[in-house]
Amino acid sequence: MRACFVGLGYIGLPTAIIAATEGNVEVTGVDIDPRVVEMTNSGKLHIVEPGMAEKLREAVGSGKLKAFTSPRQADAFFIVVPTPFKGNHLPDISYVEAATRSVIPFLREGSLFIIESTSPVGTTEKMADIIFSLRPELKGKIHIAYCPERVLPGNVAYELVHNDRVIGGLDPESAEAAAAFYARFVKGQLHRTNARTAEMCKLTENSSRDVQIAFANELSVICDKAGINVWELISLANRHPRVNILRPGCGVGGHCIAVDPYFISSSYPGEARIIALAREVNNGKARWSADRVAAAILKFEAGHHRAPVVALMGLAFKPDIDDLRESPAMEIARSLTADYAGKAEFLIVEPNIESHPQFTLTPCGEAFSRADIVVYLTGHTPFRQLPANPENKQIIDFCGITSQFV
Ligand SMILES: NC(=O)c1ccc[n+]([C@@H]2O[C@H](COP(=O)([O-])OP(=O)(O)OC[C@H]3O[C@@H](n4cnc5c(N)ncnc54)[C@H](O)[C@@H]3O)[C@@H](O)[C@H]2O)c1
């Protein structure tokens, strides 16, 4: 079995590596970025993912994985390129289309074509139309499927093998052919369905999380107004055997949960009401949080006749990672430092990165001890070691580090 993975990023590269090492597949990895190709061929991992560097060296060393900047002949082709949104939250499937077009010349009778990129419903059918418009002789002779990825960054080596997978064929034969490929290295169950259901399944998983977090975020704003400690409230409500409320924060970030719901709401604007509202609530929580900090700055200045030192603790979108994509903490830091530049001295803390192009970073302990106002934006573990009730400091805690306030 020879497989060609187009897109060697956070998902495509580990999948290519695992297919080579665990699935006994001869893998060609393709990326338009020559640096990625060069590093991969020299056995150096260009992403951060525990356990993957050794497996890459094994795959390259055994000759099972070779990378190129353009596709090569194979039995199966995998599209694992980005699917961002455009400025107006409309999905951008141009990367998927470009990657699809790049493999069309290599398709032949019996080929397997699989899209793994998170995609709006109908994308697989669209790509099939493009394939058959250019290669009409392949109609009914190749297998086409959509198989979404649901691994957790940081635990990819384990989850790629052990998670269940949803396999959406354009027809039942395609689902079978795709399942047979994944069975080479997946120990979780392989659930066959059609391509549209599989596309919607991936979007549904992340939209479900977004809606549930929106409930927690809305609750936190209500509780703030009602003078109720939301952390105590949620822990009490969750003692009910059938209630499980998630934790509020300063918004929702990352390139999946904060992005994928728009793939549903932009296609079905009249119907996707809760899904669209959840996006608004979660985006609104970031603005609300920034306003809370701004109000604290103005109050401090009025009371002390000097500008406060404000420590903004955390830029990443969730605890203990270095990923800043779509992070509400970043947005809050950007807006506060721009709008209140002369009214406060900001110390920016992000223990998981060395440096940042826009912000000068301050070590956690130094920022805490110098600050008049400490704002917890991300629940990183080192912050939990800091005093919860320091004298002469105001704590504004959006993520439950101290179990106080919002
Ligand atoms: N990272 C995750 O946690 C995660 C989880 C589930 C699903 N996904 C989805 O998987 C897909 C890929 O995500 P990712 O995080 O791996 O992206 P990424 O940005 O890390 O990697 C994508 C790679 O594709 C390359 N590329 C772009 N166009 C190309 C082309 N035409 N030909 C060859 N290479 C091309 C880029 O250079 C890049 O190296 C996205 O749809 C994403 O939503 C990601």
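**Salt bridges, a three-strand arrangement and the ligand shell**

Arg165 is buried, and Glu149 is likewise buried. In this predicted model, the two residues form a salt bridge in which the closest N and O atoms are 3.0 Å apart. Arg165 lies in strand β7, whereas Glu149 lies in the loop between β6 (143-146) and α6 (156-162), so the pair ties together parts that are 16 residues apart in sequence.

Arg165 also forms a salt bridge with Glu116, and here the closest N and O atoms are 3.3 Å apart. This pair links distant parts of the chain, since Arg165 belongs to strand β7 (residues 165-169) and Glu116 to the loop between β5 (112-115) and α5 (123-134), with the two positions 49 residues apart in numbering. Glu116, like Arg165, is buried.

Side chains of opposite charge can pair when their charged atoms come close. The structure holds 16 salt bridges, and one of them joins Glu137 to Arg135, with the closest N and O atoms 2.7 Å apart. The partners of this bridge differ in their exposure: Arg135 has a relative accessible area of 17% and therefore counts as buried, being under the 20% cut-off, while Glu137, at 46%, is partly exposed because its value falls between 20% and 50%.

Strand β11 (residues 373-376) is paired with two other strands, β9 and β12. Strand β9 (residues 309-313) runs parallel to β11 and is joined to it by four bridges, with Val310 standing opposite Ile373. Strand β12 (residues 394-397) also pairs with β11 in the parallel sense, again over four bridges, and in this pairing Ile373 stands opposite Gln394. In a regular strand the side chains alternate between the two faces of the sheet. In β11, Ile373 and Val375 point one way and Val374 and Tyr376 the other way, and all four of these residues are buried.

The ligand is surrounded by 23 residues, of which the closest are Tyr10, Ile11, Asp31, Thr83 and Thr118. By class, this shell consists of 13 nonpolar, six polar and four charged residues. Backbone atoms take part in several of the contacts with the ligand: an oxygen atom of the ligand lies 3.0 Å from a polar backbone atom of Tyr10, and an oxygen atom of the ligand lies 2.9 Å from a polar backbone atom of Ile11. For Ile32, a backbone N or O atom is found 3.4 Å from a nitrogen atom of the ligand. Taken alone, the ligand exposes 840 Å², and the protein buries 87% of that area.

Two loop residues were further noted for their backbone geometry. His305 has a positive phi of about 55° although it is not a glycine, and this residue is placed in the loop between α11 (273-304) and β9. The relative accessibility of His305 is 70%, so the residue counts as exposed, its value being over 50%. Asp320, which is not a glycine either, has a positive phi of about 65° and lies in the loop between β9 and α12 (328-339). With a relative accessible area of 42%, Asp320 is partly exposed, because this value lies between the 20% and 50% limits.

Conventions
Residues numbered from 1 in each chain as written. Predicted model: local features only at pLDDT ≥ 70, side-chain atom pairs only at ≥ 80, totals over all residues. Heavy atoms only, no water. Buried < 20%, exposed > 50% of the residue type's maximum accessible area, 1.4 Å probe, protein only. Pairing = 2+ DSSP bridges. Salt bridge = Lys/Arg side-chain N within 4 Å of Asp/Glu carboxyl O. Near = heavy atom within 4 Å. Polar contact = N/O pair within 3.5 Å; in protein donor to acceptor, adjacent residues only side chain to side chain. Areas by Shrake-Rupley, 256 points an atom, 1.4 Å probe, with all protein chains shown as cover. Nonpolar A, V, L, I, M, F, W, Y, C, P; charged D, E, K, R; others polar.
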